Each structure stands twice: as structure tokens, then as C-alpha cells.
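Reader: I would like to learn how to read a model of this kind, feature by feature. Could we look at it together, with the general idea stated before each case?

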Amino acid sequence: MRVLLVEDDVMIGEAIQGALKDASYAADWVRNGATALATLAGQHYDLVLLDLGLPGKDGLEVLGSLRARDNPVPLLIITARDGLDDRLRGLDGGADDYVPKPFEMAELLARMRAVLRRKGGSAAPVLGNGVISLDPATKEARVKDGAPVLLSHREFSLLQALLVRPGAILSRGELEDRIYGWGEEVESNAVEYLIHALRRKLGSETIKNVRGVGWMVSKNA
Ligand code: CA
């Protein structure tokens with residue numbers, strides 16, 4: 001899952017970006033509204049974390065421009081402005097949730113999972129296709145009712161990208177986009193290497209290759 005963090009405070013931005021990476025997100029960070037809009041116009045993100053008090057274009061303007069362009073990306077407002085009026089303007093302006101600063105990172109991560117779940121059209125906290133299941137809260141994967149399997153951050157990210165939409169084929173580029181943030185070097189065979197590692201842990205049939213197109217997990221397997 002790839003997240004865009006829009007935050008002008010360097011200390012807060014570094015802390016959140018670090019926590020997102022520890023939680024297996026590919027996390028890109030921009031510090032003003034204009035850069036946020038330009039970035040979102042050119043790159044797929046699974047979720048945006050948006051501060052309201054930003055230099056230049058403020059967060060509510062960014063949100064307004066984004067929704068006016070019909071960009072449906074899930075979005076959480078994170079801000080110290082905790083007046084009722086700002087909260088209402090944010091939510092009515094198209095934000096999916098609102099987390100007032102200061103917050104515990106664990107709560108922000110749980111709210112992100114909840115928004116992603118709702119936007120994905122699922123009430124169930126665990127992703128799965130009938131064979132493999134993956135719990136985004138604990139990062140545990142299972143095959144059928146087997147023992148939990150431990151995954152690396154990137155193995156988790158790749159499996160999550162596939163399990164969000166079982167049956168959908170994702171190309172190498174689409175998988176790389178969801179696994180790697182800016183400045184993270186992508187080795188040319190990184191995706192193959194991760195798929196190989198996941199098959200070794202979960203069984204060779206769990207992830208299917210569609211030659212020349214990409215990879216998928218079966219739907220209703
Ligand atoms: Ca700010």
C-alpha cells in the first residue's frame with residue numbers, strides 16, 4: 001500500500017513517515033499543498049494523510065481540489081486544528097476520517113486500516129481469497145487454517161496488493177508502485193524475488209503468473 005503524507009512540520013513528518021514504513025507502507029512525504037496535488041495527479045496512492053495548516057494552499061483547499069477532480073483516494077485529515085468547524089468542513093469536504101493531533105501512532109494506523117477496509121467495500125478486517133488470509137493489523141498470513149506465517153515488510157506489501165482484489169492481475173510496475181516509495185531503489189528482479197519467497201512460504205500455487213501480463217491470486221479459490 002502506498003501512502004502520501006502531506007505535512008509541513010519536519011519533526012512530525014519524519015516521525016509519521018518512519019512509523020508508516022515500520023508498518024509496511026510505502027510512504028512518500030510532501031510538505032505543501034501544491035506539491036501534494038501535482039504528486040496525486042501523476043501517481044497512484046492507496047491513501048492520503050493530510051495536514052490542514054500548510055504553507056500556501058491549505059489542507060482544506062487541497063481536499064477541495066482533489067474531490068473537484070473526482071479523485072476518490074481515501075483521505076484522513078491529521079491536524080492540530082481541532083475546532084468543530086474544521087472537523088465538519090473536512091468531513092463534509094470529502095475526507096474519510098479525522099485524527100486530531102497529538103495522536104498515538106497505533107490509533108492512526110488502526111484508523112487507516114478502517115478507512116481502507118470501508119473504501120475496499122469490505123467489513124471484514126482480514127483479507128483473503130478462501131485459501132490465503134492476511135491480517136493487516138498483525139501482518140500474519142495463513143494458508144487455510146494453518147499456522148501463522150511470518151512475512152517481511154515487502155512480502156506483506158506485495159501479498160496485500162494482490163489480496164485487495166483477488167482475480168485482478170497486477171503488472172510488475174503496478175506492484176512496484178505499491179511496494180516502493182520515493183528514493184527506495186528497486187532492483188530489476190525484485191518483484192520476482194518477492195513472489196518466489198512468498199511461494200516458498202505459502203505454497204507454489206498461491207500466486208499465479210499470467211505470462212507477459214503480471215501476477216494474481218485466484219478469486220474464490
Ligand atoms: Ca501544519
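Reader: Before anything else, where does Pro-102 lie?

Author: Pro-102 lies in the loop between strand S5 (97-100) and H5, where helices (H or I, at least four residues) and strands (E, at least two) are DSSP runs, numbered from the N terminus. A caution belongs here: this is a predicted model, in which local features need pLDDT of at least 70 and side-chain atom pairs count only at pLDDT 80 or more, while totals for chains, interfaces and linings use all residues. Residues are numbered from 1 along each chain as its sequence is written, and side-chain values use heavy atoms, with hydrogens and water left out.

Reader: What is the peptide bond from Lys-101 to Pro-102, cis or trans?

Author: Most residues other than glycine have a negative phi, and most peptide bonds are trans. The bond from Lys-101 to Pro-102 is cis, with omega near -5°.

Reader: Which residues have a positive phi without being glycine, and where do they lie?

Author: Asp-70, with phi near 65°, is one of them; Asp-70 lies in the loop between helix H3 (59-68) and S4, and at 67% relative accessibility it counts as exposed. Buried means under 20% relative accessible area, exposed over 50%, and partly exposed in between, with a 1.4 Å probe and protein chains only. Lys-139 also has a positive phi, of about 70°; Lys-139 sits in the loop between strand S7 (132-135) and strand S8 (140-143) and, at 21% relative accessibility, counts as partly exposed.

Reader: Is Lys-101 buried or exposed, and which residues does Lys-101 touch?

Author: Lys-101, which lies in the loop between S5 and H5, is buried, with a relative accessible area of 17%. Contact means heavy atoms within 4.5 Å, and, not counting residues up to four places away in sequence, Lys-101 touches Glu-7, Ile-12, Asp-51, Ile-78, Thr-79 and Ala-80. A polar contact is a pair of N or O atoms within 3.5 Å; within protein, one must be able to donate a hydrogen and the other to accept it, and residues adjacent in sequence count only if both atoms are side-chain atoms. The side chain of Lys-101 makes such a polar contact with the side chain of Asp-51, at 3.3 Å.

Reader: Which residues coordinate the calcium ion?

Author: Donors are N, O and S atoms within 2.8 Å of the metal (3.2 Å for Na, K and Ca), and because water is not among the atoms, sites may look incomplete. Here the calcium ion is coordinated by Asp-8 (OD), Asp-51 (OD) and Gly-53 (O), at 2.1 to 2.3 Å, and along the chain these donors follow the spacing D-x42-D-x1-G. Asp-51 is buried, with a relative accessible area of 4%, whereas Gly-53 counts as partly exposed at 33%.

Reader: How should the length of helix H1 be read, and why do the buried residues of H1 line one face?

Author: The expected span of a helix is 1.5 Å times one less than its number of residues. Helix H1 (residues 10-22) has 13 residues and reaches 18 Å from its first C-alpha to its last, close to the 18 Å expected. The buried residues of H1 are Gly-13, Ile-16, Gln-17, Ala-19 and Leu-20. Seen down the axis of H1, these buried residues fall within an arc of 165°, so they line one face of the helix; the arc is that of the directions from the helix axis to the C-beta atoms. On the other side of H1, Met-11 and Asp-22 are exposed.

Reader: What do the buried residues of H1 pack against?

Author: They pack against S1, strand S2 (26-30), strand S3 (47-50), strand S4 (75-79) and helix H5 (105-119). For H5, the buried residues are Leu-108, Leu-109, Met-112, Ala-114, Val-115 and Leu-116, and these pack against S1, H1, S3, S4 and S5.

Reader: Which domains does the assignment give?

Author: Domain bounds come from an automatic or database domain assignment, which for this protein gives domain 1 (2-119) and domain 2 (127-216). Their centres, taken over C-alpha atoms, are separated by 26 Å, and 16 residues of domain 1 are in contact with 12 residues of domain 2.
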